[in-house]
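Got the viewer open and the cartoon switched on? Let's walk through this one a selection at a time.

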Amino acid sequence: MPIPVTLIPGDGIGPSISHATVKILDAAGADIEWDEQCAGRAGVVKYGDPIPDSTLDSIKRTRCALKGPLETPVGEGFRSINVSLRKTFDLYANLRPVHTIVPGGRYEDIDLVLVRENTEGLYIGIEHYIKVGDDPRAAAESTALITKSGSERIVRYAFEYAKANGRKKVTLVHKANILKFSQGLFLDVGRLVAHEYEAQGIQFDERIVDAMAMDLVLRPEKYDVIVTTNLFGDILSDLMSGLVGGLGLAPGANIGKGGAIFEAVHGTAPDIVGKNIANPGALVLAACMMLEHLGDKERATRVRNALEGTIKEGKTVTRDLGGTASTDEFTEAVIARL
C-alpha cells in the first residue's frame, strides 16, 4: 500500500523545489501517496491562516510531512510557523546532518550530525515587557525553560541515533558555567544518560558553547554527533552548514511522538522565484531522511547517491553550485543517474 505523506510545497521557491523533489522520488519508485496542503503565506492567502486546520489534520493523519520553506507573515501577530508546528506535534528532536558534498571547499570529509532540542529553552515563548515609569516597554524579559524530562529524551535520542547509525561519539554542548540552573540541569541529566551508554562503546564529552563554536571551525573532524539546547542548536547548526558550503544543501528533520516533518532549512529566496534556477538539493536530501524514517533506506541511498554524483560531476548543476543549469535540468540529471 502507498505510504501517505503530507506535502507542504511552501512559499517562494518552495513549490518549484517541491515539484522537483517529488519528481525524483517518483522516478526512484517511492510508493508515496502525497496529500498536498498549504501553510505560510500561501495559507494566509487561501484560508487567512498560516497553519490551516486542513494542514494540521493531514499531518495528524499521515504522521509524516515533507515541507518546503515557509514565510511567516511579519508584523501581523503570527508566531513562527515552524515553531508552532514543532509545539503542536511535540517534535522535540531537530536533526541536522552536514557532510561534504561539493568538492574543493574549505574543508574536506565533514560528517557531523547535530541533535537540537526543539520544544524548550528560550524559544518556548515565555516573555513579556516590563513597565518602568510611563514607558510600558522599558525592558523585556524572556524565560528559558529547561526540564529534566525534556533534557533526558533529547540526550537519549542523540545516543540512540549514534547507536543506530554506527556513530562513535556524542558531544553535549552547554553554558552551565554561567547559567548554573537551566544549563546545569541539562548537563547533569546528559551525564546521567551518557553513563548508560558507556558499555555500548559510545564515547561522551562535553563542551561550552562558545569554545565549541571556535573548535568546530578549527577542528571539525574531532566531532561526530552533537546534542544541545534549542538556541545553541539553532546557531551551531547553521555554523556547521557553513563548513560544507551553506544552507543550499542542508536538510533537517523534526521528529517526535506526534509524527515527523522533514524540510529544507533555507529560506524562500524571493529574489529567484519563477526563474527556474533554484537548487532543490536540500529538500531532496530531506526527502532521503524521510525515506529512511519510513524504513526505505535502500531507496534513500539510491536517491542520495544520484544527487551527490550529479553535484560532484559538476556538469549539470544550478548557479549556486557553480553551474548554469535550470532547476528542471538539474532534476533530470539526478533522475538520469537513478
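Here is a short tour of a sheet and two helices that pack on it.

Before clicking: this is a predicted model, where local features need pLDDT of at least 70, side-chain atom pairs count only at pLDDT 80 or more, and totals for chains, interfaces and linings use all residues. Residues are numbered from 1 along each chain as its sequence is written, and side-chain values use heavy atoms, with hydrogens and water left out.

Start with the open sheet: 10 strands, mixed pairing, in the order E2-E1-E3-E12-E11-E4-E5-E10-E8-E9. Strands (E, at least two residues) and helices (H or I, at least four) are DSSP runs, numbered from the N terminus, and two strands pair if DSSP finds at least two bridges between them. Now pick out E2 (32–36) and E9 (203–208): they stand at the edges with a single partner strand each, so one side of each lacks a neighbour in the sheet.

At the E2 end, select E1 (residues 3–8), which runs parallel to E2 over five bridges. Thr-6 has Asp-35 in E2 as its bridge partner.

Next, color H5 (residues 148–164). Helix H5 packs on the sheet, touching (heavy atoms within 4.5 Å) strands including E4 (93–99) and E5 (111–117). Add H8 (residues 230–243), which packs on the sheet too and touches E4, E5, E8 and E10.

Finish on E10. Which residues cover its two faces? Val-225 and Val-227 lie on one side, Ile-226 and Thr-228 on the other, all buried (under 20% relative accessible area, 1.4 Å probe, protein chains only). Show Ile-226: it is the bridge partner of Leu-114 and also of Thr-171. E10 pairs in parallel with E5 over four bridges and with E8 over three.

Notes. Axes fitted to C-alpha atoms, helices over the stretch in contact; angles between N-to-C directions. Buried < 20%, exposed > 50% of the residue type's maximum accessible area, 1.4 Å probe, protein only.
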